[in-house]
Amino acid sequence: MLRLSLAVYLGCSSWCAILGRSETQECAYYNSSWEKERTNRSGIEPCYGEKDKRRHCFATWKNVSGTVEVVKQGCWLDDVNCYDSNECVERKESPDVFFCCCEGNMCNERFLHAPDITFLGLCPHTATSNPFPQKPQLFSTLMYSLVPIIGLVAVVLFSFWMWRHHKLAYPAALVPTHDPGPSPLSPILGHKPLQLIEVKARGRFGCVWKAQLLNEYVAVKIFPIQDKLSWQNEYEIYSVSGMKHDNILHFIGVEKRNNNLDLELWLITAYHDKGSLTDYLKANVVSWNELCHITQTAARGLAYLHEDIPGHRDGHKPSIAHRDIKSKNVLLKSNLTACIADFGLALQFEAGKSAGDTHGQVGTRRYMAPEVLEGAINFQRDSFLRIDMYAFGLVLWELAARCTAADGPVDEYMLPFEEEVGQHPSLEDMQEVVVHKKLRPCLRDCWQKHTGLAMLCETIDDCWDHDAEARLSAGCVEERIGQMQRQAPIIGPEEIVTVVTIVTNVDLPPKESSL
């Protein structure tokens, strides 16, 4: 039986010559969404990229009842699947959305669906004689009669096996209540090509990739199937009304990839090249102005997360406790504006309802509040918000320890309590230090000589207070940081003394009073 291949031709006249790669890559460009707006946005797109990256062209299209509808055409980033492919060919049997990529100028102007293993090119196929002798007519009749029946039985048995396998592999408790949909069959998100580039971070719930979505970079957090509940929770938190805020990581979408035990759960967000606050502080010190900007924007994001807003423009925005605040979950934008990320453990509160049957002792041990380490949590909204504030106090300490505003030297970056319990503390280690000894990271004496840092130390002390009810709210922290930025000098105390000496040439009071 012969298989028919669908070939679709667009643009210029028919030809079969193989295109070579040139230094300047150009691709046929088309966007169906712009076509619907009755604007002429089809044509040629020049491809740009890094010098060591190869450039390709791509095309995506649909086959609706035999009618071909082009979705997009354009440039495609370095992809080993496209290497040395002069023709744009989709090899999959029958995907919902067809995709192909190739190398060479305008190689995506024509594209082809050829699921067979052998590919004879874009030119019309020529008829060839059958080299095999014909089978007896009775044998042919039996084959044509039995093959469809056998195939139908095989499909039914395979479908039943898949259903049974799915039931065993995924208990009902792991199936999300608001499932985003089936696994996509093509490498696109909403008809947009999404391509993984490199791993940027690994954590408890999987890894984070830098990826390319058309002409912009995005972050893709990939959860394995065993962490489906965390993926589900983070997706639901991002879907809550009013979760769009400058100081909360921007959410783009979710996807499922692969099937069965190889299922991967993707969560796509904005990408920030500077990474987490932890990564930044390891490699950099911060000035007084930078410290104020980072702390104020992080506090603003946390205050918005904690706030209950009944009259929000997008609907009722409930109060949300993060439950895993740490410098690793604070990301920095290019201008050092902070945004809160990672809502896998977050908990939202509805008016008049308790937290329910949630586990209290969650989060990162190093940042756990005393009441969490003791297992003595009052399962009410305010209790969870105060737990966040304890951890936020430790984040503020990390920033203060890497600030250049004080007179003394800036130490190498250390995690909170790293000096007391090392890099991998047990729960018992943290209980001993935080609960029984009531220790906190050291606030250095030289910080007290800087007006702003002294106010920050007081704020930190009020955030990690052993008495949960005495802790500051995130909104109060934001206000305090604004006050200390206005009252403290932007440049260091030594620079102020030098400037005043040159300009006035008068005796100056001691350094403490000059501040």
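In this predicted model, an open sheet of five strands follows the order E9-E10-E11-E13-E12, with antiparallel pairing. Strands (E, at least two residues) and helices (H or I, at least four) are DSSP runs numbered from the N terminus, and two strands pair if DSSP finds at least two bridges between them. At the edges lie strand E9 (194-203) and strand E12 (251-257), each of which pairs on one side only. From one strand to the next, the twist averages 25°. Within the sheet, strand E10 (residues 206-213) and strand E11 (residues 216-224) run antiparallel and are joined by seven bridges; here Cys207 stands opposite Ile222 in E11.

A word on conventions may help at this point. Residues are numbered from 1 along each chain as its sequence is written, and side-chain values use heavy atoms, with hydrogens and water left out. Because the model is predicted, local features need pLDDT of at least 70 and side-chain atom pairs count only at pLDDT 80 or more, while totals for chains, interfaces and linings use all residues.

The sheet also meets a helix. Helix H3 (residues 228-238) lies across E11, E12 and strand E13 (264-270) and runs at about 35° to E13. Contact means heavy atoms within 4.5 Å; axes are lines fitted to C-alpha atoms, for helices over the stretch in contact, and angles run from 0 to 180 degrees between N-to-C directions.

A helix pair is found further along. The axes of helix H5 (residues 288-306) and helix H11 (residues 474-487) come within 8 Å and cross at roughly 160°. H5 and H11 are therefore roughly antiparallel to each other, a label for angles over 145 degrees. The crossing of H5 past H11 is left-handed, meaning that the near helix is turned anticlockwise from the far one by less than a right angle. Residues making the contact include Trp288, Leu291 and Ala299 of H5 and Val477, Ile481 and Met484 of H11. The residues of this contact divide into 10 nonpolar, seven polar and two charged.

Two loop residues deserve a look at their backbone. Most residues other than glycine have a negative phi. Asp84, in the loop between strand E5 (67-76) and strand E6 (88-90), nevertheless has a positive phi of about 55°. Phe417, in the loop between helix H7 (381-401) and helix H8 (418-421), has a positive phi of about 65°. Asp84 counts as exposed at 58% relative accessibility, whereas Phe417 counts as buried at 1%; exposed means over 50% relative accessible area and buried under 20% (1.4 Å probe, protein chains only).

Note on methods
Parallel < 35°, antiparallel > 145°, perpendicular 65-115°, else oblique. Nonpolar A, V, L, I, M, F, W, Y, C, P; charged D, E, K, R; others polar.
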